[in-house]
Amino acid sequence: TTRDKAVFLFGWLADRHTNFTEELAAKALQILEPDSGTRSSHRGLRITDGLETDLVHDLDLKAFEERVEGLFEWHEKHVVRDKFLAPYFAIVQSSGMGKTKLLVEFRKKYNLGESEHACKTILCVDAKLLDQEKEYFDHKLDVETSYTVSIVDTVLAKLDDIVEDAKNTSSLKKLVLLFDEAQGLMRGTDKSGKKSLVFRAIRWWLRVERNLHIVAVFAGTTAALTNFFPPDPPKMGVSRNKQVCYKNYKEGEADMKELFPPFYELNTVACLRRKKPALETQASDPGFPQAAIYGRPLFAHYYLEGELKEGKDGKLNEFEHRLVLSVPKYEENLSSCYSVLGSRVQMGVVSSFHTLSALIRFGYACLVEFRQQDDSKSTPLVGVTFMPDPVCATLAMRFMDEDWEDEELKGRGKKFWVGQAEKAFTTKLCLPDKGDACEIFAALYMLFCGDVLRKMTNETLSSFAVSLDEWFGLVKNGGSESAPIGDMGQKEDEDEANKLVSRTEAFLTGCGGCATRSLAKNNERVKTIGQV
């Protein structure tokens, strides 16, 4: 692709040419990210939050356009129809990454094109469209709580009405349907016990032989990774109409075709953007207020709206719940604890598909790899990462402070979190990239030493900067009470400072033990805790 070529050229020039100036670098970056002004992408807890901004990231919009155009090849080429089941793909990514915004902006751009093209956005919710939603969504698809055989006829009739409404000109040849909050379509079970009844019916509907070429995209924050990839539909059942002719299906023919892979490469996190986010006023505190705008666009939106705070008027409590996967007793759930740990250190490769799906569906992990295996019954190969997000990091810091609490959520001590990290490795929930856990425990130790100093300056852990000398002294002395204290920020109570510093000592004992046990299995040269 153009982007891959640009990345390769950029790296090659930087390695081999000393006269590769900053001006040339800017031109190279221009290929990667065409100038988009101050555009950004938002998605909030309210469906319309942030959608008033101009455009999404150019790379995302262009890549999305290419994927949609690729779906139309299903209608145009027999070889594509013979390979892929139906002309649709899903957008799969964690909350706040700009999925809804991408759909809205694509609709706006696509409908400005030729009269032969049209795009409709469909919101899959029970309630009526609110006035502020009508600007962004053309239709609402009822997601009823009770599903019977008749619901399939109801949904398909509604889709037929949407198609008729789109045919405002006789020249219409291509129609794109964008379904948002589509996880509701996964409800319902047919008589044979097959789940995702409504969605499978829509998938059959997309395959109907008709003159108008229709393709679809499905998005939903709380949709699981496998929601839009249900097993091959049955040869007979209420999801398929026997009286209809389908483009790539013959009676009695087993459906063993592939599904189009999901779209998940979103570049909306501000740290990935070349331009610094624009602010009306620059915060003076070099901590949370300044850093919040560099995370996912959802958080930047709420920061600029003054809602990124605790309390009834803020959103942080909802984000705190999401960080622990909305599990009430998060400390008893290893996946929830992994979500917190992963927000601060890269813990390695997650081996559990169920955990991977939960981290994306309910948490803030980002999907970075998705590959269907040759065996259609096997789970896909999936990779996730935690993007550098100051808001998630701050919330994770608070969960790792035993004195912190916000309503029913309470923090746990550092020794607890070391134990959870060790448990994640010993149970093989995750595997360290380098083969052992030593560097991960060392990273946790350095982070915790910083947390001790941060808390002395600010009880809410919202000030990120600490003294390098004091931090290094604390790291070097193992968190012991003999570590040099200095003024330790703004607090003058040395007894309180010593109390906070001494908490690190208990952590170091556990951390050193974990690292030693890990290394002992992989490196015979490590003999003592002192060497660790």
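**Close-up views of the model**

**View 1. Gly478 lies in the loop between H16 and helix H17 (494–522).** The model is predicted: local features need pLDDT of at least 70, side-chain atom pairs need 80 or more, and totals for chains, interfaces and linings use all residues. Numbering starts from 1 along each chain as its sequence is written, and side-chain values use heavy atoms, without hydrogens or water. Helices (H or I, at least four residues) and strands (E, at least two) are DSSP runs, numbered from the N terminus. Gly478 comes just after H16 and has a positive phi of about 65 degrees. Its relative accessibility is 12%, so Gly478 counts as buried (under 20% relative accessible area; exposed is over 50%, partly exposed in between; 1.4 Å probe, protein chains only). Met446 is 32 residues away from Gly478 in sequence. In space, their C-alpha atoms are 10.0 Å apart.

**View 2. Helix H15 (residues 438–457) crosses helix H16 (residues 468–476).** The two axes come within 9 Å and cross at roughly 125 degrees. Axes are lines fitted to C-alpha atoms, for helices over the stretch in contact; angles between N-to-C directions run from 0 to 180 degrees. H15 and H16 are therefore oblique to each other. Under 35 degrees is roughly parallel, over 145 roughly antiparallel, 65 to 115 roughly perpendicular, and the rest oblique. On the H15 side, the contact is made by Tyr445, Met446, Cys449, Gly450, Val452 and Leu453. H16 brings Glu470, Trp471, Leu474 and Val475 to it. Contact means heavy atoms within 4.5 Å. Within H16, Glu470, Gly473, Leu474 and Val475 are buried.

**View 3. Helix H10 (residues 316–323) packs against helix H13 (residues 390–399).** Their axes are 10 Å apart, and the angle is about 75 degrees. H10 and H13 are therefore roughly perpendicular to each other. From H10 come Leu316, Phe319, Glu320 and Leu323. They meet Val391, Cys392, Leu395, Ala396, Arg398 and Phe399 of H13.

**View 4. The largest nonpolar core holds 93 residues.** A nonpolar core is a set of buried Ala, Val, Leu, Ile, Met, Phe, Trp, Tyr and Cys residues joined through side-chain atoms within 4.5 Å. Phe179, Leu185, Phe218, Met347 and Trp417 touch the most other members of this largest core. Helix H6 (residues 149–166) gives the most to this core, with eight residues. Apart from this core lies another, of 26 residues. Among the residues of that other core are Leu71, Phe89, Val217 and Phe263.

**View 5. Met347 and the residues it touches.** Residues up to four places away in sequence are not counted here. Met347 touches Tyr338, Leu341 and Gly342, and also Ala421, Ala424 and Phe425. Cys430, Leu431, Pro432 and Ile440 are touched by Met347 too.

**View 6. Two residues other than glycine, Glu181 and Lys428, have a positive phi.** Most residues other than glycine have a negative phi. Glu181 has a phi of about 55 degrees. The residue sits in the loop between strand S4 (174–180) and helix H7 (197–206). Glu181 is buried, with a relative accessible area of 12%. Lys428 has a phi near 60 degrees. Its loop runs between helix H14 (414–426) and strand S11 (430–431). Lys428 counts as exposed, at 55% relative accessibility.

**View 7. His139 is in strand S3 (residues 139–140).** At 12% relative accessibility, His139 is buried. Neighbours within four places in sequence are left aside in what follows. His139 is in contact with Lys120, Thr121, Ile122, Leu123 and Leu129. Ile162 and Asp165 are also in contact with His139.

**View 8. Val104 belongs to helix H5 (residues 99–110).** Val104 is buried, with a relative accessible area of 3%. Glu135 is 31 residues from Val104 along the chain. The C-alpha atoms of the two are separated by 9.5 Å.

**View 9. The whole chain has 17 helices and 11 strands.** Of its 532 residues, 53% count as buried. Among contacts in the chain with a separation of 6 or more, 69% join residues 24 or more positions apart.
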